[in-house]
Amino acid sequence: MEANSGKSTTNASSLRWKILRRNLIRRSSSNSEDKSEMGIQRISRKATHGFNLIPFHLMKDCVEENVNPMDTSRNATLCYTLPITNASQLILHQRADDMAHLNDFEVCNRYDIDNTGLVCQWPSEDVLAHYCLSHASIFRGKRVIELGSGYGLAGLIVAMTTEARDVFISDGNPQVVDYIQRNVNANSGSFGGTEVKPLMLHWGQEKDSDISNTFDVIIASDCTFFKEFHGALIQTIKSLLKEEGPSEAILLSPRRGNSLDKFLGEVKDSGLHFNTDEMYDAEVWRRHQGFVEGDDSWPNYEMDHCYPLLVRITR
């Protein structure tokens with residue numbers, strides 16, 4: 001979604017405040033606001049459907065140490081069963097309610113970020129986590145960072161199953177990073193020799209930091225939706241990848257109109273190289289075909305908005 005592409009386009013910040021207005025003042029929209037409301041829905045809609053590649057169940061009466069009981073009433077705890085022999089179960093704490101909270105919007109505007117990491121666990125993250133499980137050798141002994149991690153499912157799976165050397169799980173939203181820290185704590189006994197670090201990272205601001213040009217592998221999912229963040233994301237990828245020896249960024253993202261294509265155009269202009277793959281995993285493709293053919297477990301499934309392509313970026 002463009003931040004500054006003319007009169008017909010509403011920027012993300014404006015849409016966030018309209019979401020807030022809608023939650024504070026419950027009233028019917030007039031016809032003149034229909035187009036604006038469609039934009040709001042694209043920001044705030046929960047992803048209630050997905051590829052469901054890793055089995056999980058909701059844990060009841062889960063008590064976290066050092067967490068305010070008032071906070072836990074807004075949260076859910078999921079338990080993932082990883083399809084690997086002798087693997088530990090993965091515990092994931094995440095936001096459960098579907099209401100907008102004033103503090104969410106204050107944080108978004110203070111840091112010039114979006115709140116998509118709090119909204120839900122997006123389908124592309126599930127696919128990325130599955131891809132990492134299926135390609136553990138990519139990460140073995142490597143220094144890895146997940147960008148725009150949300151609750152951190154893929155990063156945690158890399159840390160728990162691939163024998164990576166270090167895994168940083170990052171996001172630019174401090175509320176999301178709090179959840180990442182809680183999820184790292186909840187799974188800390190399952191990382192073996194892998195060091196796992198939650199990290200607050202604003203894209204485009206890591207140049208000359210102590211993590212610059214230190215990563216073998218970057219992973220991210222569904223991070224190309226907001227076009228105004230493309231440049232900063234590319235700068236971050238370029239700044240974090242190691243300059244010597246092989247290194248790559250692995251992204252999974254739907255096309256979402258021309259958003260992914262515009263991002264890849266900017267990647268090329270930056271001097272980085274990329275390739276894309278549509279059929280990168282037999283099981284993901286099988287489920288995709290089922291949705292296309294009318295599997296009613298994901299109504300209104302559209303490849304353009306729902307099916308993530310694999311993008312691999314190198315120097």
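Reader: Hi! In which handedness of crossing does helix 9 pass helix 10?

Author: Hello! Helix 9 passes helix 10 in a right-handed crossing. Bear in mind that this is a predicted model.

Reader: Thanks. At what angle do helix 9 and helix 10 pack?

Author: Helix 9, residues 230–240, packs on helix 10 at an angle of about 45 degrees, and their axes are 10 Å apart. The two helices are therefore oblique to each other.

Reader: Which residues meet there?

Author: From helix 9 come His230, Gly231, Leu233, Ile234 and Ile237, and they meet Ser259, Lys262, Phe263, Glu266 and Val267 of helix 10. By type, that contact divides into 5 nonpolar, 3 polar and 2 charged residues.

Reader: And which strands does helix 10 lie across?

Author: Helix 10, residues 259–269, lies across strand 8, strand 9 and strand 10. Its direction is at about 10 degrees to strand 10.

Reader: Nice, on to the sheet. What order do its 7 strands have?

Author: The order is 6-5-4-7-8-10-9, in an open sheet with mixed pairing. Strand 6 (195–200) and strand 9 (273–277) are at the edges with a single partner strand each, so one side of each has no neighbour in the sheet. On average, neighbouring strands are turned by 20 degrees against each other, direction ignored.

Reader: How many bridges join strand 4 to strand 5?

Author: There are 4 bridges between strand 4 (residues 143–147) and strand 5 (residues 166–171), and the two strands run parallel. Within this part of the sheet, valine 144 stands opposite valine 167 of strand 5.

Reader: Changing topic: how do the axes of helix 6 and helix 7 cross?

Author: The axes of helix 6 (residues 123–134) and helix 7 (residues 153–161) come within 8 Å and cross at roughly 15 degrees. That makes helix 6 roughly parallel to helix 7. Among the residues making the contact are Leu128 and Cys132 of helix 6, with Ile157 and Val158 of helix 7. The full contact divides into 8 nonpolar, 1 polar and 2 charged residues.

Reader: Which strands does helix 6 lie across?

Author: Helix 6 lies across strand 4, strand 7 (217–221), strand 8 (248–253) and strand 10 (309–314). Relative to strand 7, helix 6 runs at about 145 degrees.

Reader: Last one: what pLDDT does the chain average?

Author: The chain averages 84, and 73% of the residues score at least 70. Over residues 1–10 the pLDDT is below 50, and over residues 23–46 the pLDDT is also below 50. Where pLDDT is low, the predicted coordinates should not be read in detail.

Definitions and conventions: Residues numbered from 1 in each chain as written. Predicted model: local features only at pLDDT ≥ 70, side-chain atom pairs only at ≥ 80, totals over all residues. Heavy atoms only, no water. Axes fitted to C-alpha atoms, helices over the stretch in contact; angles between N-to-C directions. Parallel < 35°, antiparallel > 145°, perpendicular 65-115°, else oblique. Contact = heavy atoms within 4.5 Å. Nonpolar A, V, L, I, M, F, W, Y, C, P; charged D, E, K, R; others polar. Pairing = 2+ DSSP bridges. pLDDT = per-residue confidence, 0-100. Left-handed = near helix turned anticlockwise from the far one by under 90°.
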